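Grab your viewer and work through these short exercises on a protein–ligand model. Each one comes with a worked solution, so try it yourself before reading on.

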Amino acid sequence: MTPPIAPIDELDDILALLRACDLPVADIAPGPAQQFFGLRDGLGLIGVVGLETMGAVGLLRSVAVAPAYRSQGLAAQLVAFGEARARAQGAEQLFLLTTSAADYFIRLGYRPMEKSKAPPAVQATAQFAGLCPASSVLLCKALGRPAADSSK
Ligand SMILES: CC(C)(COP(=O)(O)OP(=O)(O)OC[C@H]1O[C@@H](n2cnc3c(N)ncnc32)[C@H](O)[C@@H]1OP(=O)(O)O)[C@@H](O)C(=O)NCCC(=O)NCCS
């Protein structure tokens with residue numbers, strides 16, 4: 001059975017997993033502006049997803065699953081969880097930058113977008129402004145309305 005996805009505030013755990021997965025860590029600062037959610041097993045954090053929401057747009061980031069736990073659908077669950085949280089916080093579009101996993105996110109419904117067309121709030125994030133290399137690809141997904149709004 002998959003353990004529940006829950007908020008993660010322990011910086012050291014997040015850093016260790018992101019480093020093990022070769023993702024950038026320079027701006028990681030869990031808090032209201034940078035939320036992290038993850039999966040744990042008995043040994044520690046095995047999967048993580050980060051979310052920054054800025055009104056109607058959000059940045060999904062730091063999606064990582066420990067190598068021994070891959071290909072079990074855990075990242076797909078983490079992404080879906082991040083999307084639901086983003087929607088609940090009012091985001092209508094979710095963006096992400098990746099150097100190595102664009103095809104993975106395209107399978108989950110994300111579409112490539114020219115970086116110059118990203119909303120200013122997304123361009124202003126540390127990840128966008130410099131942490132991710134120029135070779136990274138910007139992907140975007142339109143989010144449906146939150147379930148509570150669907151009857152309106
Ligand atoms: C990308 C990543 C999060 C996927 O985690 P996961 O839990 O194995 O993913 P899922 O189980 O949901 O999906 C597995 C499928 O995705 C495919 N996949 C995994 N990584 C991929 C990648 N980088 N590009 C394309 N497809 C990929 C697998 O081959 C597998 O395909 P299959 O279902 O046809 O066998 C994980 O490989 C990882 O942590 N990579 C390093 C960090 C990273 O690149 N993060 C993304 C940028 S933020």
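**Exercise 1.** Work out which helices and strands each supply at least two residues of the shell around the ligand.

*Solution.* Bear in mind that this is a predicted model. Start with the strands: E4 (57-65) makes the list. Then go through the helices, where H2 (74-88) and H3 (102-107) each supply at least two shell residues as well. Now look for the top contributor: H3 gives the largest share, with 4 residues.

**Exercise 2.** Describe the make-up of the shell around the ligand.

*Solution.* First get the total: 19 residues surround the ligand. Next, sort them by type, and you end up with 11 nonpolar, 5 polar and 3 charged. Finally, pick out the closest ones, which are Val63, Val65, Ser71, Gly73 and Tyr104.

**Exercise 3.** Find polar contacts between ligand and protein, using a cut-off of 3.5 Å between N or O atoms.

*Solution.* Begin with the ligand's nitrogen: one such atom lies 2.7 Å from a backbone N or O atom of Val63. Move on to oxygen, where a polar backbone atom of Ser71 is 2.7 Å from a ligand oxygen atom. Then check side chains: Arg107 places a polar side-chain atom 3.3 Å from an oxygen atom of the ligand. As for burial, the ligand taken alone exposes 900 Å², and the protein buries 71% of that. The space the ligand takes up is the largest pocket.

**Exercise 4.** Decide how compact the protein chain is for its length.

*Solution.* List the elements: 5 helices and 7 strands, running β-α-β-β-β-α-β-α-β-α-α-β from the N terminus. The radius of gyration is 15 Å, close to the 15 Å the globule rule gives for 152 residues, so the chain is as compact as a globular protein of that length. For scale, its C-alpha atoms fill a box of roughly 40 × 40 × 30 Å along the principal axes.

Notes:
Residues are numbered from 1 along each chain as its sequence is written. This is a predicted model: local features need pLDDT of at least 70, side-chain atom pairs count only at pLDDT 80 or more; totals for chains, interfaces and linings use all residues. Side-chain values use heavy atoms; hydrogens and water are left out. A residue is near a molecule or strand if one of its heavy atoms lies within 4 Å of it. A polar contact is a pair of N or O atoms within 3.5 Å; within protein, one must be able to donate a hydrogen and the other to accept it, and residues adjacent in sequence count only if both atoms are side-chain atoms. Accessible areas come from the Shrake-Rupley method with a 1.4 Å probe; for residues, only the protein chains shown count as cover. On a 1 Å grid over the protein atoms alone, a cavity is a set of points where a 1.4 Å probe fits but cannot get out, and a pocket is an open set with protein on both sides within 12 Å along at least five of seven lines; lining residues have an atom within 4 Å of a point. A molecule sits in a cavity or pocket if more than half of its atoms lie within 2 Å of its grid points. Ala, Val, Leu, Ile, Met, Phe, Trp, Tyr, Cys and Pro count as nonpolar, Asp, Glu, Lys and Arg as charged, and the others, Gly among them, as polar. The radius of gyration is taken over C-alpha atoms; the globule rule is 2.2 Å times the number of residues to the power 0.38.
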